[in-house]
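Let's take a guided walk through a protein, one part at a time. Keep the sequence and the 3D view open as you read.

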Amino acid sequence: MKKLLSVIFLVLLLGACSLFNRMPEKMPDDFDFSVQFGVNKNNEINTYDGTVTKDLIEDGKVTANITFSNEEKEFIYEMMKEINIIENKKLTPSFLKQNCFQEPHEDDRWKITMNGETYTYDISGVYCEPSEDAKELIELRNEIFRIVKEKQAYQELPDAKGGYD
């Protein structure tokens, strides 16, 4: 009987833990995020400041004021909810997949705020094969960047010159 009660308690405890790592159904009023990405994290999408920074490589960086509509932010929030972005993430590949490294490489740094809590994630692009969680965050960043690239203010920014070796 004690074993049965212990098992039931453990199941309830694990279930309760997963409830605490769930995002709210509705986008919180304080929802904001920034993601820095690329070589040296020179690109940034920042809803805290309403800005986007573009890496011009040889010509430095340039920043434009770009904001998302409420519909766009809700769409982004839904994408974050699909991957449960507030859940702990494994962003380093397994030891078996750490045998290939690349240079130069891109890195991502995420900062997400909601309901008074801030979550941060760092992804190193040095590994040839990222973890599944890292892939999800990179795909999310790419989708958000796709939205940014459609905005007139971003399209008016100068083209990058040069490249990274």
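## A word to know first

A nonpolar core is a set of buried Ala, Val, Leu, Ile, Met, Phe, Trp, Tyr and Cys residues joined through side-chain atoms within 4.5 Å. Here, buried means under 20% relative accessible area. Please also keep in mind that this is a predicted model.

## The overall plan

The protein has four helices and six strands. If you follow the chain from its start, these elements come in the order α-β-β-β-β-α-β-β-α-α. Of the 165 residues, 39% are buried.

How much of the contact pattern joins residues at least 24 apart? Taking the contacts between residues at least 6 apart in sequence, 67% join residues at least 24 apart.

## The nonpolar core

The largest nonpolar core holds 33 residues, and the members that touch the most others are Phe 33, Ile 45, Met 80, Ile 85 and Trp 110. At least two residues of this core come from each of β1, α2, β5, β6 and α3. Which element gives the most? That is α3, with seven residues.

Met 80 is a good residue to click on. You will find Met 80 in helix α2. Is Met 80 buried or exposed? Its relative accessibility is 0%, so Met 80 counts as buried. Beyond its neighbours within four places in sequence, Met 80 is in contact with Met 23, Phe 31, Phe 33, Ile 85, Trp 110, Ile 112 and Leu 140. Try finding Glu 136 as well: Met 80 and Glu 136 are 56 residues apart along the chain, while their C-alpha atoms are separated by 9.5 Å.

## Helix α2

Now look at the whole helix that carries Met 80. Helix α2 covers residues 70–82, and its 13 residues should span 18 Å at 1.5 Å a residue. The expected span uses one less than the number of residues. In the model the end C-alpha atoms of α2 are 18 Å apart, which agrees with the expected span.

Which residues of α2 are buried? They are Lys 73, Ile 76, Tyr 77, Met 79, Met 80 and Lys 81. These buried residues pack against β1 (32–39), β5 (106–114) and α3 (132–149). Just past the end of α2, Asn 84 has a positive phi of about 45°.

## Strands side by side

Strand β1 is mostly covered, with seven of its eight residues buried. β1 has partners in β5 and β2. With β5, β1 runs antiparallel and is joined by eight bridges; one pairing to look for is Gly 38 with Asp 107 in β5. With β2, β1 pairs over four bridges, again in the antiparallel sense, and Ser 34 stands opposite Asn 46 in β2. β1 and β2 form a hairpin with three residues between them, and Asn 40 in that turn has a positive phi of about 60°.

Another hairpin is made by β3 and β4, with five residues between the two strands. Strand β3 (residues 51–55) and strand β4 (residues 61–65) run antiparallel and are joined by five bridges. Thr 53 has Thr 63 in β4 as its bridge partner, and in the turn Ile 57 has a positive phi of about 60°.

## A closer look at Asn 43

Asn 43 sits in strand β2, which covers residues 43–46. With a relative accessible area of 13%, Asn 43 is buried. What does its side chain reach? The side chain of Asn 43 reaches the backbone nitrogen of Asp 55 at 2.9 Å. Leaving aside neighbours within four places in sequence, Asn 43 is in contact with Val 35, Gln 36, Phe 37, Gly 38, Thr 53, Lys 54 and Asp 55.

## The disulfide

A disulfide is a covalent bond between the sulfur atoms of two cysteines. The protein has one disulfide. Cys 100 and Cys 128 form this disulfide, with their sulfur atoms 1.9 Å apart. The angle about the S-S bond is -60°, and the link is left-handed. Where do the two cysteines sit? Cys 100 is in the loop between α2 and β5, and Cys 128 is in the loop between β6 (117–124) and α3, so the pair links distant parts of the chain, 28 residues apart.

Are these cysteines buried or exposed? Cys 100 falls in between: at 31% relative accessibility, Cys 100 counts as partly exposed. Cys 128 also has 31% relative accessibility and counts as partly exposed.

Key: Residues numbered from 1 in each chain as written. Predicted model: local features only at pLDDT ≥ 70, side-chain atom pairs only at ≥ 80, totals over all residues. Heavy atoms only, no water. Buried < 20%, exposed > 50% of the residue type's maximum accessible area, 1.4 Å probe, protein only. Contact = heavy atoms within 4.5 Å. Disulfide = S-S within 2.5 Å. Pairing = 2+ DSSP bridges. Polar contact = N/O pair within 3.5 Å; in protein donor to acceptor, adjacent residues only side chain to side chain.
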